[in-house]
Structures are given as structure tokens and as C-alpha cells.
Amino acid sequence: MNTLLLTLLFTLLAVCWGLIIYHHLLYPWLLGRLGGRHTRRDDTAPARPDWQPTISLVIPAYNEAAVIADKIRNVASLDYPADKLQLIIACDGCTDATADIARRTAREPECRQLPVHIQDFRENRGKVAVLNDIISQLDCDIVALSDASALISIDALLQASHAFQDNETGFVAATYKLLNPGSQGEADYWQYQTRIKCNEANLGSPVGVHGALYFFRRTLFRPLPADTINDDFILPMQMVMAGYKGVYLLDIVALELEEASLQMDEKRRVRIAAGNLQQLLRLARLTLPRYKGTAFTFVSGKALRALMPAILAVQWLLCCLLATESQMLLALSILQPLGFACAALSKQLPAGMLPGKIETLFYLANGYRASFTGMFRYCVGLERGCWKSVSKDTR
């Protein structure tokens, strides 16, 4: 191998390693330092102190018979004026008793004061089609979207309405918590994501929200393309591009009750990875300097996360090509696939059997393996936004 080609390959490898280190270590550190310096104050005077918005809470549901009753009871118990709130259950071609159970629950004494509207669509068309139909017909100030399997903290609507008293606020993101994490790795991952979201919001806006619960101004909604995968990213970030900001509130909690199986978690991560690539292509304008802190977090966080499976694959190929030039690179070319294989095999072990840090590393490795699959599926046209409930299929 000639000297010029060797130099080029080593340079490409150094770039790949630099991006990997930056995304996983340097960026979180920088974000913590910068976000801590720009912490938003919550004691600023609201623009309209007497304004209490009307809220429509929309729950897209596909075969949620096991959880829909508890969800309705949860919403009925929320601390918000009944005449300012309505609940809409959008059954997307359910093949179980979701709609019937919802109707019975809505007639229970503790739920009767809550206006509940059940839209029972006969055909399963996907979450985005349901959202486009329902939200376009709403006449309210604020739309809240929530998963059927996530319980909402009792004062969440009051907290959100206070945030919307600022005319510049376009959306409000809730904090996502798991009642029963499937592994220590999953628990560590969501704690990490909470820290990242807080610091992102302090620099500009949270980069995307979790679909378990978020709020936005109805007037800012624009119908989404039918093939949208991650609606809970595309929708709020379109509002940022329109000049509005997002708010992330730790006091608003969406508590996930359902523990996903390993197979369900795998499908979810494959789908999200495909959506990450899609949103990078569709929201490329967010990289422009005029979006300031949000541009920095979008590029350093979401864009690099979407490309990271390809970066990891390229650096491994470079290690293989250069293995004859360095014993370290030879070792890395062997150890990397071995590590991913061990991570895949670890999914067969009972939870808690491995040390916590090892579980976290394996969870990350399995995530990138799923992400690579998601990227491939999106590039060849196999992931195009056909939504179903994560507990039954993919999400």
C-alpha cells in the first residue's frame, strides 16, 4: 500500500474516531457546561397571567384494550377545569375491544365530568394519518398528544398552560420515565436522555420530544407527510423553524407502565433509527447558524446520532484495511465485531446478571446494531411510517 493511500486511510480513521469521541464524550460534557450557564429562569412574569387555554388531549390507540381504561381514569383525575379540557381517543382500526372499553370507562362516575370523544376508525392507516385527521378538526388553544400506556402527572396540564403564557412558546415537552425498566442499560439510557434534554432546552429548545406526552399550539400544526416516522420530532422542530421555542419541564411526567419485551424494544429502536435519518434529511435547515444553540445541539446530537452507525461501520472497515500496519488496529478489527456479538448474546441472559456498566455498554452496542438496521431499511424503502402500537408491533 503506497504512502499517499496510507495517509488518506489513517486520516479518515482519525476523523471517524474524532466524531465518535466527540458525540459520546465531548458533546455531553460541553452541553452540560454550556447548558448550566444558560439555565432558564421560571420566575419571569408570564405574558398573559390570566389566560387559561382550552386543551384537547389526543390519544392515538391501536389495540390498547389492556391500558385504555386506566388512561381515561388518569386523565379524568388531572387537575384542570373540566370545561377547558376534552379527551379524544382515536382508535386506528383496532381489532380488539379498545373502543368499547373506552366507552364504558367514560360512563364511570369518576369520569363523567370529562368530555370524552371516541373516534373509531375502521381501517388501520397509521398514527400520522390519524393525527392529521383529528388535529385539523380541533377547535382549541393547545393540543396534547399522549400514549395510552403512559400515566400523566396530576398537575401536568396546569404546568403546561403556564408555559404557554409566553407567546414565544410553541411546544412543551414532558419528562419520560419508566416504571419498570427492562434492564439497567435502559434505565441509564433514559436518565442520560433526561439530562441531555434539560441542557438542550437551556441552550435553545429541546431537540425533539417524547411521544408519551407533549403539548403544542393548535394554530402551529401543519399536516405531516404520510410517510413521517418520528412525528414527535418532525412536528415540534417545524415549530422551531417557524420561530417558536420549545420548553422542557421536569415537573411534567409521563410514566410508562408497560415494560417492553426485548423484541419490542428492538423493533422500536430500528424504527426510531430510520426516523432519525429521515428527520436529518427533512430538517437540514436546522443546521443553519441562525438557529444558534438549537443548531449546535441538532448537529452534535441528532445528526451525529443518525449517522453514527455508518461512522462506526466505516471506522471498522478502515481498521481491517490497516490491520497489517498496526497491531492495535488488528486487535480492534477483531474485538469490535466480537463485542457486538457478545452484546447480542447478552440479550438472552436474565436482567441483572451482568454488572451494571457492562449492561449499559451492551445496551448501547445493541442500540447501534438496531440503528444500522434502521438506516438500511430506510435507505431501501422498507420503513415509511406505517405506525402501530409498540406493544403489538413497531412504533
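Two strands count as paired here if DSSP finds at least two bridges between them. Keep that in mind as you click around, and remember that the model is predicted.

**Stop 1: the end of the sheet**

Select I152 in β5, then A254 in β8: these two are bridge partners. Now widen the selection to both strands. β5 (150-152) and β8 (residues 245-256) run antiparallel to each other, with three bridges between them. Stay on A254 a moment and look to its other partner: Y176 stands opposite A254 too.

**Stop 2: the whole sheet**

Zoom out and colour the strands. You should find an open sheet of eight, in the order β3-β2-β1-β4-β7-β6-β8-β5, with mixed pairing. The edges are β3 (116-121) and β5, each of which pairs on one side only. Turn the sheet and look along it: from one strand to the next, the twist averages 25°. What holds neighbouring strands together? Strands of a sheet pair through backbone hydrogen bonds, either parallel or antiparallel.

**Stop 3: strand β6**

Next, pick residues 169-178, which make up β6. How many of the ten residues of β6 are buried? Nine of them are, so the strand is largely enclosed by the rest of the structure.

β6 is a handy place to see mixed pairing. Towards β8, the pairing is parallel and spans eight bridges. Try two pairs in a row: F171 has G246 as its bridge partner in β8, and V172 has V247. Towards β7 (213-217), β6 pairs in the antiparallel sense over three bridges. Select A173 and you will see Y214 of β7 standing opposite.

While you are here, add residues 231-241. That is helix α7, which lies across β6 and β7 and runs at about 30° to β7.

**Stop 4: helix α2**

Now select residues 68-76, helix α2. Is this helix enclosed or open? Seven of its nine residues are buried, so α2 is largely enclosed by the rest of the structure. Show the buried ones as sticks: I68, A69, K71, I72, N74, V75 and A76.

What do those buried residues pack against? Light up β1 (55-61), β2 (85-92), α3 (98-106), β4 and β5, and you have the set. The helix lies across β1, β2, β4 and β5, running at about 10° to β5.

**Stop 5: S149**

From β5, step back to S149, in the loop between β4 (142-146) and β5. This serine is buried, because its relative accessible area is 9% and the cut-off for buried is under 20%. Which side chain does the side chain of S149 meet in a polar contact? Select E256: the distance is 2.7 Å. Leaving aside neighbours within four places in sequence, S149 is in contact with V67, L255, E256, L257 and E258.

**Stop 6: L288, on the way to the long helices**

Jump ahead to L288, in the loop between α8 (262-282) and α9. L288 is partly exposed, with a relative accessible area of 35%. Draw a line from its C-alpha to that of V299: the two residues are eleven apart in sequence and 9.7 Å apart in space.

**Stop 7: α9, α10 and α11**

Select residues 292-321 for α9 and 327-346 for α10. Their axes come within 8 Å and cross at roughly 135°. The two helices are therefore oblique to each other, and the crossing is left-handed. To see where they touch, show Q315, W316, C319 and C320 on α9, then L329, L332, S333, Q336 and P337 on α10.

Keep α10 and add α11, residues 356-379. Here the axes are 9 Å apart and the packing angle is about 100°, which means that α10 is roughly perpendicular to α11. The contact uses G339, F340, C342, A343, A344 and S346 of α10. Facing them on α11 are F362, A365, N366, Y368 and R369.

Technical notes. Residues are numbered from 1 along each chain as its sequence is written. This is a predicted model: local features need pLDDT of at least 70, side-chain atom pairs count only at pLDDT 80 or more; totals for chains, interfaces and linings use all residues. Side-chain values use heavy atoms; hydrogens and water are left out. Helices (H or I, at least four residues) and strands (E, at least two) are DSSP runs, numbered from the N terminus. Buried means under 20% relative accessible area, exposed over 50%, partly exposed in between (1.4 Å probe, protein chains only). A polar contact is a pair of N or O atoms within 3.5 Å; within protein, one must be able to donate a hydrogen and the other to accept it, and residues adjacent in sequence count only if both atoms are side-chain atoms. Contact means heavy atoms within 4.5 Å. Axes are lines fitted to C-alpha atoms, for helices over the stretch in contact, and angles run from 0 to 180 degrees between N-to-C directions. Angles under 35 degrees count as roughly parallel, over 145 as roughly antiparallel, 65 to 115 as roughly perpendicular and the rest as oblique. A crossing is left-handed if the near helix is turned anticlockwise from the far one by less than a right angle, and right-handed if clockwise.
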